[in-house]
Every structure is written in C-alpha cells, then in structure tokens.
Amino acid sequence: MLRLMIFGVIASLWLPVPTAWGEPAVRVVATTTVVADLVRQVGGDRIAVESLMAEGVDPHSYRATPRDANRLARAELVVANGLHLEGKLATLLSRLSSRRPVVFLGESLPEERLLPIGNGLFDPHIWFDAALWSQCPTAVAAALGKLDPAGAANYRQRAAVYTTRLAHLDTQVRDRLAAIPARRRVLITAHDAFRYFGRAYDVEVIGVQGTSTESEAGLADMNRLVELVVSRQIPAVFVETSVSDRNLMALQEGAAARGQQVRLGGRLYSDALGAPGSDGDTLERALLANVTTIVRALADPEMSAEVADE
Amino acid sequence: MMPLPGVLGALLPYNTLVVACGVAAVGCAAGVVGTLGVLRRRALVADAAAHATLVGVALALLVTGQRSLAVLLAGGLGSAILALGLLVLIRAVTRTRDDAATAIVLSVSFGLGIVLISGMVARGVPGSGGLERFLLGHAAALTAADAMLLGTVSVLVILAVAIGLKEATMVAFDPAFAAAAGWPAAMIDLVLVALVAVMVVVGLPAAGAVLVTALVVIPPVVARQWTDRLVPMLVLAGGVGLASGVIGVAVSSASPRLPTGPVVVLVAAGCFAVSLVVAPRRGLLARWRAGHRRGRTDYLLMTEDHR
C-alpha cells in the first residue's frame, strides 16, 4: 500500500499539469510546435499540450499517421495554425471540427492583416510578426475557457499577460534590426517563412523557393538570385532548420564565381521551434535567436565568418 | 572554386553552366545505356529500378546522417540493384509474367520508399525535410561537385558500353544465339541491367525518381526512328539525351518557375513527337508518302487497324 502511495505521488509529479484534481483540465493537441507554445503560454499548468509535429519538422509535407489520428481523436481541444499551413492534415482537421472544438489561429485574424498569395489563399507563416501573433492568444483563451469554465478567468489573464510580452518583444526586435544598414537588410532563405517578419520589421525577404517547400526552384530563379546577391553585395544567406540547404549551396557557388563571397548566416527557426532547452524552445526565444543570427551576419559581415565555420 | 571555361563563362551564368554540364552528361550516358536496355526490352526494368532508389536514398540518410549527394546516390544504387535482384528472383521462382513481376517490384518498392520518407519527415529525422525532392529531382540546385560526380560516372558508363559493345550487341539482339555460342549471356545481361541501374541513379538529381526513366527510354526510342543499326543508334541516342539536357536547361533558365528536370523530359518527348512525324521510312510523313506512291491512300488507317 505504501509503495502504491509512493508510486502515486511520484506519478502525480510526473503529470505535466496538475490541477486541483491532479488531472489536466483540458487535453490539447496542437499541430505544430509554434502553436503548442502559444497554447502553453495561455493554458499554463492547468492544461496538457502536445504537438503533433516534432521539432524540426516541415509542416507543408507532413502526412498524418494513424497515431496522429488517435492523438487527435483523444484531444478535447485541437489548435491548428490554419491558412493551409498543415497542408496534408487539413482534411483530417476539418472532419474533426464537426466533432470537437478546433481552433484555427490564422482564420481568427482580420483578413486585411494577412498576406495574400493568390487564389484567395493567404501566407500561413503568421508567427514571426510578434504584433500579429499577439492577436492569437485571445482565441485560445476563449476556447479553453469554454471547456474549463473554472479556469476561464485564469486563461484570460494569462492571455493578456502574454499579449503584453509579445508587444514588448515586437519593439525589442525592431530596435535590434536597426543595426543593419538598409541596403543590406535582405533576408535570403530557402523558404518563404519570413514574409510577415519582413513586412513587420522592414526586412526584404527573398526565398529560393515558393511559399511552400513543395515547389522547386527553377534555374532562372537561381540565376536571378545570384544576380541580386552580387549586385547588392549581400554578405550572408540563411539556412533553416527544417528545409534542405542544397539550393543555397548552389547559390553560394554561383556568387563566388562572380567574386562575391556569400556566407551561411546561420540557421534560423522557421516552421518549427527548437527542442526543449535549445535557444529557440519558445516562440519568443526563437524570434530573438533569429534576430541575433540575422544581425550578426548582415550588420557586421566579419562576425558571421565564425558562424559559417562552426 | 572551379575556374570557368573562358567564353562560355562570360556568356552564361555560372549555375546555368554547372547544371547544363551535369544534366547533359547524364542525358548522354542515359541515352547510350538506354539504347541497349530498350533493345533488350528492359525499359520497364529501368522504371522499377528508378522507383526503388527512394528506399535506398532514405535509408542512406537514416544510417549515415549525411546529406551529401554521393552518399544518398550510393544508397539509391544499392536499393535499385536489390530491387532488380528481387525482380529476377520473382520471375525465376514464382514464374510470374515479366510485366506483372516488374509492376509488383516497381509499386512495392516505391510504396516502401514513400512510407520511409514520410515516416522520417514525421519523426523529424534531421535533414529529412526536402528528401521527397528526389521524387522530381532538383537539377537547379546542382553544385560543381555534384556535376563533377554525375559527369564522371556518365563518362565511365559510356566507356563501359564502348568496351563491351560486341558482347552487348550480341546479347541485346539475339540472347538465345549468344548463349548457344558460348557467351556468358546471363552475366552480360546482368552487367547491362546494372549499368541501367547506375544511370537511373545518376539521373536522380536531374530528373527525380519518377521522371528519370524518361531519360533512359525516350532518347533510344527517338534514335530508333532514324536508324536500324546499333552504333548509329547509340550515338544518336546519346546525342538526343545530351541535346535534351542542354535545351531543357536553357529553357528553364530563360523563364522563372520552370523546374529544370521536368522541362528536360518534355524536350526529349518533343524530340520523340517530331521524330514520329518526320523520320525517314518510319515517320508518319514517310509512310504516308510511301502509301501514296503505291496508290494506297488508306495505308495509315490500315496500319492502325493491324495494330
């Protein structure tokens, strides 16, 4: 009996989110690590959150496994980024939404703040504009409050605190990026995950590929990019954690043949956050880590040499 | 960095040149090897090998954790050869028909490849993002080192065909006679199939697993329209492959958002369509004219009926 009790105590310590009853008030499944972070910020210790996609996964090409379907079926609340970020999960999610609450963060934002990408669709990478992202916590707090009325006030308050923190983050990012001379404030990555970031913080963002990782860069796109890098003397380009770096290697070579050395500015967090304990394990930390990487590579080209050598 | 050959370097963007060299070399060698393969009625075998490469590419990344092209292609070659071995085994042991056995190996290995890749992507295996690009190729991202690798293998493959030409001809045209005359026909056949597998693998970065068969099969079929003799056919197929590569790269570098590999395949298909119409003797025009001369205006219709 004693053993059982000890086991019980240890087990309850292991439960990620004990409420008064030792049970999470709401079990939430988020689609990506970015979304999971937001839900965690709002829900705090009252709820349990898991992310379908692990760190470093590309959501555009993610296919649902039967295990995912299971996890989604067990969830009391599902939070997704929406705007077709979860391309291959979309049908599963929309079918699920008839049976349990599913929050699509992107769809809760005012359309005029979104970047259209044609065919009535919008760019789904909404999280690296801290001001825009700060409009999302309310929707999550409302959904959580409906399922757990006892905690509703708590969720609302946490959402408000987080919104303030994001507003502060927004200023911080802006201040830091000011260190880069305007001519060189160009972010070249393998993937257009940074268009909202670029719009919010006045950085020209150019992807080697289209918005989705599925469209392949043609040779003309490659040549155009080499031309741009050479003519504006851009010292560094950026590889992301979840997209392959082959295109960038080809770009580097092309520019080098014309006498412009292009360094790898370092990896940026894009579609996924870092593993727990890394410098990008929350959205706030990931955004700041990105800004540090970008400033170091573009503001002072000499500094990025060591990054490239790592 | 590789120094550029003077005049070309001044005229063309560096990346265009690198990609053109790599793709043209692959196109040429694929045409040459494909000729023997097509004559030996092994076109679908190439397709099976191509689809089987995905498994090896995925496993190579999983085991070594490296993304270098050479490592991934070595993995692809391994699984392609394994699939071909399996094909031979199925045919021999179960006495399944050739086409059925090929279809089985093709679809099963492709399915396995897709399962592996999406599983790795889902579990976030480092570097697995973009692995599915091997489906359609990523010619525009070839680096000079990649192009060198593809070029070297292509040259070696063409050399191998040149050295073994007599043997290959024999087995390609009359395997029964070759065996009766005491040639190691099975061995030669195996080498031929292995060469096809190598070409399919080398063509992966240019055209991807789904389209690479086109590089191996279309140029020989084009060449076949123009000649009945082997050596001219080999040369012509190599030329068509090379030209498709160069033209395809040129077209895709001329306008944005045109993926290079598929454009190369379309150019080759264009050559095929043109040959179908204008080739001497076998072309539609020539046959139509021949029909006229014999006073049989319905010649074309008749041949259609007889098919």
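Helices here are DSSP runs of H or I with at least four residues, strands are E runs of at least two, and both are numbered from the N terminus. On that count, chain A has 12 helices and 10 strands. What you're looking at is a predicted model, where local features need pLDDT of at least 70, side-chain atom pairs count only at pLDDT 80 or more, and totals for chains, interfaces and linings use all residues. Residues are numbered from 1 along each chain as its sequence is written, while chains are lettered from A and ligands numbered from 1 in the order in which they are written.

Let's start with chain A. Of its 310 residues, 49% are buried; a residue earns that label if 20 or more other C-beta atoms lie within 10 Å of its own, it's exposed at 12 or fewer, and partly exposed in between, with the C-beta atoms placed from the backbone. Two residues are in contact if their C-beta atoms, again placed from the backbone, lie within 7 Å. Take the chain A contacts with a separation of 6 or more, and 65% of them come from residues 24 or more positions apart.

A good place to zoom in is the pair of strands β1 (residues 26–30) and β2 (residues 47–51) of chain A. They run parallel, joined by five bridges; strands count as paired if DSSP finds at least two bridges between them. Within that pairing, A:V29 sits opposite A:E50 in β2(A). To get from β1(A) to β2(A), the chain passes through helix α2 (residues 33–43) of chain A, making a right-handed β-α-β crossover. Right-handed means that, with the strands pointing away from the viewer, the path from the first strand over the helix to the second runs clockwise. As for β2(A), four of its five residues are buried, so to speak mostly covered.

Further along chain A, A:L228 belongs to helix α9 (residues 219–231). A:L228 has 16 C-beta neighbours inside 10 Å, so this residue counts as partly exposed. Its C-alpha lies 9.4 Å from that of A:A255, and those two are 27 residues apart along the chain.

Now for chain B, which has 13 helices and zero strands. Half-buried is a fair picture: 50% of its 307 residues count as buried. Among its contacts between residues at least 6 apart in sequence, 71% join residues at least 24 apart.

Where do the two chains meet? The contact takes 32 residues from chain A and 34 from chain B. On the chain B side, the elements giving two or more residues are α2 (14–39), α5 (98–122) and α10 (230–254). That side of chain B divides into 18 nonpolar, 12 polar and four charged residues, where Ala, Val, Leu, Ile, Met, Phe, Trp, Tyr, Cys and Pro count as nonpolar, Asp, Glu, Lys and Arg as charged, and the others, Gly among them, as polar.

Helix α2 of chain B deserves a longer stop. All told, 26 of its 26 residues are buried. The helix reaches 38 Å from its first C-alpha to its last, close to the 38 Å expected at 1.5 Å a residue; that expected span is 1.5 Å times one less than the number of residues. There's a bend of about 25 degrees at B:V33, a bend being the angle between axes fitted to the seven residues ending at a position and the seven starting there. After the helix comes B:R41, with a positive phi near 60 degrees.

One residue of α2(B) to pick out is B:N15. It counts as buried because it has 27 C-beta neighbours inside 10 Å. Leaving aside neighbours within four places in sequence, B:N15 is in contact with A:L219, A:M222, A:N223, A:V226, A:A250 and A:G254. Within its own chain, B:N15 is 7.8 Å from B:T143, C-alpha to C-alpha, with their positions 128 residues apart in sequence.

Two other chain B helices make a nice pair to view. Helix α4 (residues 69–94) has 26 residues and reaches 37 Å, close to the expected 38 Å. Its buried residues include B:L69, B:G75 and B:L87, and among the elements covering the buried ones are α3 (43–64), α6 (144–163) and α9 of chain B. Just after α4(B), B:R95 has a positive phi of about 55 degrees. Helix α9 (residues 185–226) of chain B, meanwhile, spans only 28 Å between its end C-alpha atoms, where a straight helix of 42 residues would span 62 Å. A kink of about 115 degrees is centred on B:P205 in α9(B). This helix is mostly covered too, with 31 of its 42 residues buried.
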